[in-house]
Amino acid sequence: MTDHEAQGAASMQVSDQEMIRISEMHKWYGQFHVLKNINLNVKAGERIVVCGPSGSGKSTLIRCMNRLEEHQRGEIWVDGVELTSDLKNIEQIRREVGMVFQHFNLFPHLTVLENCTLAPIWVRKMPKGEAEDVARAYLERVKIPEQADKFPGQLSGGQQQRVAIARSLCMNPKIMLFDEPTSALDPEMIKEVLDVMIELAHDGMTMLCVTHEMGFAKTVANRVIFMDGGEIIEENEPQEFFNNPQSERTQEFLSQILAH
Amino acid sequence: MPNTSNAPTQNYVPGEHPDLKPPIGQTGILLWLRKNLFSSTFNIVLTLATLYFLYLVIPPLLNWLVLDAVFQAGSRDECRALGEGACWGFIDKRLGQFTYGFYPIEERWRVNLTFLLLVMAVLPVLWEKMPKRRIMLWFSVLFPFVSAWLLLGGFGLESVNTDQFGGFMLTMIIGVTGIVFSLPMGILLALGRQSQLHFIRWICTGFIEFIRGVPLITLLFVASTMLNYFLPPGTTFDLLLRVLIMVTIFSAAYIAEVVRGGLQAVPKGQHEAADAMGLKYWASMRLIVLPQALKISIPGIVNTFIGLFKDSTLVVIIGLLDPLGIGRASLSDSKWQGLATEVYVFIAIFFFICCFSMSRYSIYLENKLHTGHRI
């Protein structure tokens with residue numbers, strides 16, 4: 001570990017404040033039981049990496065946390081508000097939870113700057129000038145201030161994903177959800193996105209990240225969750241998780257993913 | 001190794017190759033001709049055949065339409081004596097009626113003024129970079145009321161009954177009203193058809209399917225005759241207004257289906273991104289989904305508008321005197337018999353100019369809204 005990383009890790013403080021609490025949560029798609037008895041607590045400042053084979057329910061799990069997917073049984077509390085079918089609660093939670101998608105989902109008909117200012121203006125009712133200042137500051141932070149007036153279609157995949165991160169940050173969220181943020185990117189663009197995410201982690205953001213980037217998990221995460229078949233199989237600190245996996249399925253998964 | 005190309009090649013160290021100019025002869029008219037018209041034997045034959053066809057068709061057409069045509073004459077016989085081509089003198093004599101129908105001659109300035117104001121109202125809507133667009137848009141909002149007052153009269157102007165409306169003026173009234181009101185109505189129907197609320201979905205789907213499943217003629221007949229049976233006796237309900245309503249809902253049903261196609265083409269991720277940032281339904285529709293869906297639907301929407309504009313001629317069947325009605329009436333003039341071709345060609349030219357303009361505008365709009373690759 002270099003000095004910089006050591007310093008960074010020290011700055012990543014976890015507080016006692018509870019941000020997300022999921023208890024005995026189940027979800028079905030029709031007859032198919034996708035999520036089985038999920039229990040998970042996330043404290044402010046935690047960086048959690050969720051991994052597992054495809055179809056294990058990891059994306060569905062984080063999509064339940066801002067109600068892009070509906071759960072059928074159990075409870076999900078986010079920042080002290082319970083997620084129910086109550087639209088008010090859903091809107092309140094979505095204001096505080098940012099999400100970054102695998103396919104970026106930028107709005108192609110708006111410029112980069114407009115993508116970033118849209119939610120602050122329409123959801124937070126921020127004046128346009130102020131929203132633009134905030135947006136430019138975040139675009140600076142993800143290192144693409146010069147692209148502000150372009151359209152998303154004119155940017156590379158890595159740049160688009162960094163815009164998507166900036167767009168979420170403009171809402172000043174308390175929690176950031178990442179749904180396989182680097183899976184659709186070319187190898188040489190993965191690093192530029194991960195660098196932004198690492199920096200974000202060092203700034204103390206509460207993050208949940210579905211990813212296969214095990215290097216990211218090792219350096220940034222304070223907890224790794226392994227899912228398979230809709231269940232949380234194993235949950236541990238990264239050091240322990242990678243060096244001493246408990247269950248057979250975890251060992252198998254790690255041997256496959258780390259083999260090459 | 002012998003160098004076969006005429007351009008000098010030089011060897012560069014890998015990594016230091018400069019950007020070179022393209023070879024000469026890749027641009028220019030001659031190349032375009034060779035590439036597009038004379039690229040193969042089949043293409044050459046096709047080009048020559050087309051040129052021969054145009055040679056056969058265009059000169060006689062031009063002769064008839066312009067060169068041999070008679071633009072001023074007192075009767076058909078005078079016309080025929082003066083030239084062999086089209087007898088535009090007839091149209092010239094009847095131009096007032098073709099344009100205004102039976103609108104009182106001394107009040108025709110009101111129609112002209114309305115048309116002028118229409119252009120002023122439409123410009124800021126269609127032309128985004130217009131100076132002072134915001135203020136002008138307010139005028140566009142007021143225009144329907146101003147135009148209704150100008151055309152119908154009252155409040156200081158002499159009233160004109162709608163059965164005196166006719167000609168191109170009537171076509172424009174039906175076309176513009178139909179277009180302006182059917183677009184928002186169609187969008188609402190399309191959204192309603194996709195609503196999570198079953199009741200709204202059922203109503204919208206039922207409405208769309210019913211209107212689309214019935215010929216416009218039927219609706220116009222309902223408007224002209226049957227509505228009287230349903231309304232309490234003694235209620236008068238202007239025929240033109242009834243026709244406008246029918247034409248609008250007819251075209252709205254089609255617009256709704258075109259827009260629904262556009263809505264379905266917007267990726268699910270766009271809805272999710274809008275939801276995830278906390279936008280409410282109407283905001284996410286207005287700001288995210290509809291701008292993209294409508295952009296995709298432009299060709300279909302304009303197609304529907306063109307259809308609506310031309311279908312406005314159907315009102316002749318229920319006795320409104322649109323250009324076709326005026327044309328038919330004027331053909332029975334004994335001084336001007338046998339000039340049906342001139343009349344219908346003239347009307348066709350009017351419709352072609354209007355519809356072709358709409359088509360060109362839609363292409364301009366598509367290009368303007370193109371923002372790089374789709375995501």
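## A buried lysine in chain A

In this predicted model, the backbone oxygen of A:Pro53 lies 3.4 Å from a polar atom of the side chain of A:Lys58. The side chain of A:Lys58 also reaches a second backbone oxygen, that of A:Gly52, at 3.3 Å. A:Lys58 belongs to helix α2 of chain A, which covers residues 58-64.

Is A:Lys58 buried or exposed? With a relative accessibility of 4%, A:Lys58 counts as buried, because the limit for that class is under 20%. Once neighbours within four places in sequence are left aside, the residues in contact with A:Lys58 are A:Val50, A:Cys51, A:Gly52, A:Pro53, A:Glu180, A:Val210, A:His212 and A:Met227.

## The nonpolar cores

In soluble globular proteins, nonpolar side chains tend to be buried together. Here the largest nonpolar core has 123 residues. The residues with the most contacts inside this core are A:Ile20, A:Ile22, A:Met65, A:Leu208 and B:Phe165. Helix α12 of chain B (residues 281-311) supplies the largest share of the core, 14 residues. Domain 1 (28-82) and domain 2 (89-103 + 160-369) of chain B both give residues to this core, so the core lies between them.

A:Met65 can be examined through its own surroundings. Leaving aside neighbours within four places in sequence, A:Met65 is in contact with A:Ile20, A:Ile22, A:Leu40, A:Val78, A:Leu83, A:Ile93, A:Leu177 and A:Leu208. Apart from the largest core lies another, of 47 residues, which includes A:Val112, A:Val193, A:Val196 and A:Ala217.

## Strands of chain A

Strands of a sheet pair through backbone hydrogen bonds, either parallel or antiparallel. In chain A, 4 strands form an open sheet with antiparallel pairing, in the order β2-β1-β4-β5. The edge strands of this sheet are β2 (32-43) and β5 (81-82), each of which pairs on one side only. Strand β4 (residues 73-78) of chain A is joined to β5(A) by 2 bridges in the antiparallel sense, and A:Trp77 stands opposite A:Glu82 in β5(A).

Parallel pairing is found around strand β7 of chain A, residues 175-179. Strand β6 (residues 97-100) of chain A runs parallel to β7(A) and is joined to it by 4 bridges; the bridge partner of A:Val100 in β7(A) is A:Phe178. Strand β8 (residues 206-210) of chain A also runs parallel to β7(A), with 5 bridges between them. A:Asp179 has A:Val210 as its bridge partner in β8(A).

How many residues of β7(A) are buried? The count is 5 of the 5, so this strand is largely enclosed by the rest of the structure. In a regular strand the side chains alternate between the two faces of the sheet. From β7(A), A:Ile175, A:Leu177 and A:Asp179 point one way, whereas A:Met176 and A:Phe178 point the other way, and all are buried.

## An enclosed helix

Helix α4 of chain A spans residues 112-122, and 8 of its 11 residues are buried, so the helix is largely enclosed by the rest of the structure. These buried residues are A:Val112, A:Leu113, A:Asn115, A:Cys116, A:Thr117, A:Leu118, A:Ala119 and A:Pro120.

Which helices do the buried residues of α4(A) pack against? They pack against α5 (128-141) and α6 (157-169) of chain A together with α12 of chain B.

## Aromatic pairs

Over all chains, the count of aromatic pairs comes to 18. In one of them, B:Phe90 and B:Trp336 are stacked, at 5.1 Å centre to centre and with 25° between the planes. This pair links distant parts of the chain, 246 residues apart: B:Phe90 is in helix α4 (residues 88-100) of chain B, and B:Trp336 is in the loop between α13 (323-331) and α14 (340-368) of chain B. B:Phe90 counts as buried at 0% relative accessibility, and B:Trp336 is buried with a relative accessible area of 3%.

B:Phe352 and B:Phe356 form another stacked pair, 5.3 Å centre to centre with 15° between the planes. Both lie in helix α14 of chain B, 4 residues apart, which is about one turn of the helix. B:Phe352 is exposed, with a relative accessible area of 53%, while B:Phe356 is partly exposed at 43%. One aromatic cluster is formed by B:Phe98, B:Phe168, B:Phe309, B:Phe346, B:Phe350 and B:Phe351.

How values were computed. Residues are numbered from 1 along each chain as its sequence is written. Chains are lettered from A and ligands numbered from 1 in the order in which they are written. This is a predicted model: local features need pLDDT of at least 70, side-chain atom pairs count only at pLDDT 80 or more; totals for chains, interfaces and linings use all residues. Side-chain values use heavy atoms; hydrogens and water are left out. Buried means under 20% relative accessible area, exposed over 50%, partly exposed in between (1.4 Å probe, protein chains only). A polar contact is a pair of N or O atoms within 3.5 Å; within protein, one must be able to donate a hydrogen and the other to accept it, and residues adjacent in sequence count only if both atoms are side-chain atoms. Contact means heavy atoms within 4.5 Å. A nonpolar core is a set of buried Ala, Val, Leu, Ile, Met, Phe, Trp, Tyr and Cys residues joined through side-chain atoms within 4.5 Å. Domain bounds come from an automatic or database domain assignment. Two strands pair if DSSP finds at least two bridges between them. Rings of Phe, Tyr and Trp (its six-membered ring) pair if their centres lie within 6.5 Å; planes under 30 degrees apart count as stacked, over 60 as edge-to-face and the rest as tilted.
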